[in-house]
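Biologist: I've just opened this one and I'd love a close look at a single spot where charged side chains come together. Could you start there and then walk me outwards?

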Amino acid sequence: MTDATERSRPAQRQAEIVEHVLQHGSVSANELAEQFQVSLMTIHRDLDELERQGIVRKFRGGVSAQPSSVFESNVSYRLRAAKAEKLAIAQRARELIEPGMAIMLDDSTTTLALARLLEDAAPLTVMTNFLETIKLLSTMRGIRLLALGGEYYLTHDSFLGVPCIDAIDALRVDLLFASTSAVSANYAYHQEQEIVLVKRAMIRAAQKTVLMVDHTKLGRVALHRLAPLSDIDLVITDKQAPPEALLEMRESGVEHEAV
C-alpha cells in the first residue's frame, strides 16, 4: 500500500463520518467504530480531528453535529436543517424588498435561502459576510455585491472579527435580514461572541431589522445575549412556532408573523 493511500484512508473515513453524523444528528463512538470497522481508539482520533475543525462536538461516549447552548452547529448541518421552513420564511422576507434598496444579509443559512430569491429584485445592493452567499450573488445580474471581509471562520464559512465590524460600521442599509440560534424571553441569543459582535454591528447599520427564525430556535437560549427583540422591527417564523412563544412576543408588543 502506498503512502498516499495510507494518508487518504483517514481523510476518506473522516469525510464519511461527517456525512453519517450530519444525517443522524448525534451518534455514539461505539456505533461509529462498528459502522466503519475500526477500533474505538481510531474513531476517537478521527473525532478529535473533526472537533478541531469545528465540524462536530464530542460528548461522553459520542459525538453530535447539533447545536447546544455553547456550541453552534457547523454550516453543513445547518444547511440541511428545517429547509422547508426556511424557504417559507425567505419567501415572506422577499416581499419586503424593493428594487433599488440596499440590504444586508448575515451569515445564516436562513438568509441564504432569501439570497436565492433575489435575482428578480434587481437593481439591488447587497452586503454580506457569508462566503456561500457571496458566491451565489456574484453570479446574479443586477446585484451590486459588497463582500464584508475579516477573519475567515471555517465552521461558519464566513468572515468575522474587527475588520468585518469596521466595514459594517462604515455602512448604512435599508434592511438587515438576520437569523440567530435561539430566541427566548424576548431576547435573541447566540453561542459565540464573535458572531454576536458582528450581528450587533449589522443591527446598528440598518434602518430596519428583520429577524428570520424557524420554530426550532424559539424557546431556546444560548450563552450570549445578542439583542432584545425590541431592537428588531419584524420577527418572521414559521407556522410550527410554539403558541407560547408567539403569545410572549404579542404581549410584549414585538411585531411578528408566522408563515
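Which residues are linked with Arg92 in a network of salt bridges?

Modeller: Before we dive in, keep in mind that this is a predicted model. The network you're after joins Arg92 with Glu95 and Glu257. Let's zoom in on one pair in it: the side chains of Arg92 and Glu257 meet in a salt bridge, with 2.6 Å from N to O. These two come from distant parts of the chain, since Arg92 sits in helix α5 (residues 83-94) and Glu257 in strand β15 (residues 256-258), 165 residues apart. Are these partners buried or exposed? Arg92 counts as buried because its relative accessibility is 18%, and the cut-off for buried is under 20%. Glu257 comes out at 23%, so this residue counts as partly exposed.

That pair has company, because a search of the whole structure turns up 10 salt bridges. Take Asp46 and Arg13, whose side chains meet at 2.5 Å, N to O. Here the link runs between helix α3 (residues 40-52), which holds Asp46, and helix α1 (residues 3-24), which holds Arg13, with their positions 33 residues apart in the chain. Both Asp46 and Arg13 are buried. Another one joins Arg204 to Asp169, at 3.2 Å from N to O. Again, distant parts of the chain are tied together: Arg204 belongs to helix α9 (residues 193-205) and Asp169 to helix α8 (residues 162-169), 35 residues apart. Asp169 has 46% relative accessibility, so it counts as partly exposed.

Since we've landed on α8, let's stay there for a moment. Its buried residues are Cys164, Ile165 and Ile168. They sit on the same side of α8, because they cover an arc of only 95° around the axis. There's a neat general reason to expect patterns like that: an α-helix has 3.6 residues a turn, so residues three or four places apart point the same way. On the other side of α8 you'll find Val162 and Pro163, which are exposed. And what covers the buried residues? Strands β4 (102-105) and β8 (158-160) are included in that cover, and so is α9.

Ile168 also takes us into the interior. In soluble globular proteins, nonpolar side chains tend to be buried together. In this model, the largest nonpolar core has 34 residues, and those with the most contacts inside it are Ile168, Met104, Leu211 and Leu229. Several elements give two or more residues to this core, including β4, α8, β12 (206-212) and α10 (243-251). The biggest giver is α9, with seven residues. To get a feel for it, click on Met104: leaving out residues up to four places away in sequence, its contacts include Ile168, Leu175, Phe177, Met202 and Ala205. Apart from the core with 34 residues there is another one, of 23 residues, and Leu175 and Phe177 are among its members, along with Ile103 and Leu118.

Now follow α9 over to a sheet. Three strands make up an open sheet in the order β10-β11-β13, with antiparallel pairing. β10 and β13 are at the edges and have a single partner strand each, so one side of each has no neighbour in the sheet. On average, neighbouring strands here are turned by 30° against each other, if you ignore direction. α9 packs on this sheet, touching β11 and β13, and its direction makes about 10° with that of β13.

Let's finish strand by strand. In general, strands of a sheet pair through backbone hydrogen bonds, either parallel or antiparallel. β10 (residues 182-184) and β11 (residues 187-190) pair over three bridges, in the antiparallel sense. Look for Ser184, which stands opposite Tyr187 in β11. The hairpin of these two strands has two residues between them, and Ala185 there takes a positive phi near 50°. On to the next pairing: β11 and β13 (residues 224-228) share four bridges, again antiparallel. If you want a spot to check on screen, His190 has His224 in β13 as its bridge partner.

Notes
Residues numbered from 1 in each chain as written. Predicted model: local features only at pLDDT ≥ 70, side-chain atom pairs only at ≥ 80, totals over all residues. Heavy atoms only, no water. Pairing = 2+ DSSP bridges. Salt bridge = Lys/Arg side-chain N within 4 Å of Asp/Glu carboxyl O. Buried < 20%, exposed > 50% of the residue type's maximum accessible area, 1.4 Å probe, protein only. Axes fitted to C-alpha atoms, helices over the stretch in contact; angles between N-to-C directions. Contact = heavy atoms within 4.5 Å. Arc of directions from axis to C-beta. Core = buried A, V, L, I, M, F, W, Y, C linked by side-chain atoms within 4.5 Å.
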